Amino acid sequence: MKSKNENNKVSQWLTRSVLFIVAIALLVNFFPRQGDRGYVFQEGRPWSYSLLTAPFDIPIYKDEARLNYERDSIMKGLRPVFTKDNAVASQMIQEFSAQINNMRESAISQQGKQAFIDAIKTIYDQGIISSEQYKSLNDNKVSIIHVRENNTLKNSNTEDFYSPKKAYEEIVAKFPDAYQQHLLQVCNLNNYLVANVLYDSITTNKVRDELLQKIALSDGIVQAGERIVDRGEIITPEIYRILSSYEIMIAKNASKGNYHQHSTLAGQVLVFGCILAFLYFFLAFFLCLLHLQLYKNKDKLNHEQLNP
């Protein structure tokens, strides 16, 4: 019998605990929360809600089309960076000179040999760009490039440089004599015309990223308390951009406020728990007093019946 009573007490305690937790959960769930509602809106359609004012400063963000246009403008105006490698030029000129001077052709004088060497020096002083980069510059209509030489960066016209093919044609054109051209073929002139103006992708990408980062994501601001739109007002492209910016800011604030929201929820659970606990003990105390009063009244009634 005693075990049965204990089981009943445990069952009652568990039931009360579950009801207590459920009551707190329901109160927290239906308790109004401070927050911003989501809006459904469309450009060219009337605003379906009441007056909306800016609850905080709202930067007016540019739309994706505008940002893409500005990015494309920067990319079109980007001047790629090249590095002039004088060591490559010196090595090629030295090897070409050795090849020319070792030729056994007796019909060419030392002066003629020097003319060949001077011609290739002139080409390298101007600069040779690889065929791929040369084609890319022309295809993208890049008229000016940055060239770094001896730690100095300067602007240079793209048309002033040579590709290996253009350099070969330039040198051959300087020597119209058939025998001289034959000698240039014999010494394999093509082998000594390599790029000495090299594309610097790292620096170019760094310059590009710096320019892209300078693009302002917004081009205006709506100050806190300023009117945005009222019921029935047609949503113009500018209002649409402001409303879109407002939603972006709401999303950012929500992501930053997760900890605050969790703290608020925990606080609500604690408050409602304390309130329910207070009400429970208050009712228990009230029922105890009521039971005691009824017991006294019953005892008094029994006493009066026994002693008329």
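## Rings, bridges and strands: worked exercises

Asp200 has a relative accessible area of 16%, so this residue counts as buried. Keep in mind that the model is a predicted one. Let's start with that acid and work outwards.

**Exercise 1. Find the salt-bridge partner of Asp200 and say where the two residues sit.**

Step 1: look for the partner. Asp200 pairs with Arg148, and their closest N and O atoms are 3.3 Å apart. The cut-off for a salt bridge is 4 Å.

Step 2: place both ends. Asp200 is in the loop between strand S6 (197-199) and helix H8 (201-213), while Arg148 belongs to strand S4 (residues 144-149). That makes this a link between distant parts of the chain, 52 residues apart.

Step 3: check the cover on the basic end. Arg148 comes out at 25% relative accessibility, so call this one partly exposed. Buried would need a value under 20%.

**Exercise 2. Arg148 also has a backbone role: work out which residue is its bridge partner, and how the strands around S3 run.**

Step 1: go to strand S3 (residues 81-84). S3 and S4 run parallel and are joined by 3 bridges.

Step 2: pick out the residue. Thr83 has Arg148 in S4 as its bridge partner.

Step 3: turn to S6. S3 and S6 are antiparallel, again with 3 bridges. Here Phe82 stands opposite Tyr199 of S6.

**Exercise 3. Compare two salt bridges, Glu64 with Arg71 and Arg66 with Glu70, and decide how covered each residue is.**

Step 1: take the distances. Glu64 and Arg71 meet through their side chains at 3.3 Å, N to O. For Arg66 and Glu70 the closest N and O atoms are 3.0 Å apart.

Step 2: locate the second pair. Arg66 and Glu70 are both in helix H2 (residues 64-77), 4 residues apart, which is about one turn of the helix.

Step 3: read off the accessibility. Glu64, at 47%, is partly exposed, and Arg71, at 31%, is partly exposed too. Arg66 has 38% and is also partly exposed. Glu70 has a relative accessible area of 16%, so that residue is buried.

Step 4: zoom out. The structure holds 10 salt bridges. Arg66 and Glu70 belong to a network of these, along with Lys62, Asp219, Glu238 and Arg241.

**Exercise 4. Classify the ring pairs Tyr39 with Tyr246 and Phe41 with Tyr240, and say which parts of the chain they link.**

Step 1: decide what to look at. A pair of aromatic rings is described by how far apart the centres are and by the angle of the planes.

Step 2: begin with the count. A search of the whole structure turns up 10 aromatic pairs. In one of them, Tyr39 and Tyr246, the centres are 6.4 Å apart and the planes are at 40 degrees, so the pair is tilted.

Step 3: place that pair. Tyr39 is in the loop between helix H1 (2-30) and strand S1 (52-53), and Tyr246 is in helix H9 (residues 237-256). With the two positions 207 residues apart, the pair links distant parts of the chain. Tyr39 is buried at 17% relative accessibility, and Tyr246 is buried at 4%.

Step 4: repeat for the other pair. Phe41 and Tyr240 lie 5.5 Å centre to centre with 70 degrees between the planes, an edge-to-face pair. Phe41 is in the loop between H1 and S1 and Tyr240 is in helix H9, so this pair ties together parts 199 residues apart in sequence. Phe41 counts as buried at 18%, whereas Tyr240 is partly exposed at 32%.

Step 5: join things up. Ring pairs link these four residues with Trp47, Tyr49 and Phe56 into a cluster.

**Exercise 5. Sketch the whole chain in numbers.**

Step 1: count the elements. The protein chain has 10 helices and 8 strands.

Step 2: gauge the burial. Of its 308 residues, 28% count as buried. The accessible surface is about 21,300 Å², and 56% of that belongs to carbon and sulfur atoms.

Step 3: ask how contacts span the sequence. Taking contacts between residues at least 6 apart, 80% join residues at least 24 apart.

Definitions and conventions: Residues are numbered from 1 along each chain as its sequence is written. Side-chain values use heavy atoms; hydrogens and water are left out. Rings of Phe, Tyr and Trp (its six-membered ring) pair if their centres lie within 6.5 Å; planes under 30 degrees apart count as stacked, over 60 as edge-to-face and the rest as tilted. Buried means under 20% relative accessible area, exposed over 50%, partly exposed in between (1.4 Å probe, protein chains only). Contact means heavy atoms within 4.5 Å. Accessible areas come from the Shrake-Rupley method with a 1.4 Å probe; for residues, only the protein chains shown count as cover. Two strands pair if DSSP finds at least two bridges between them.
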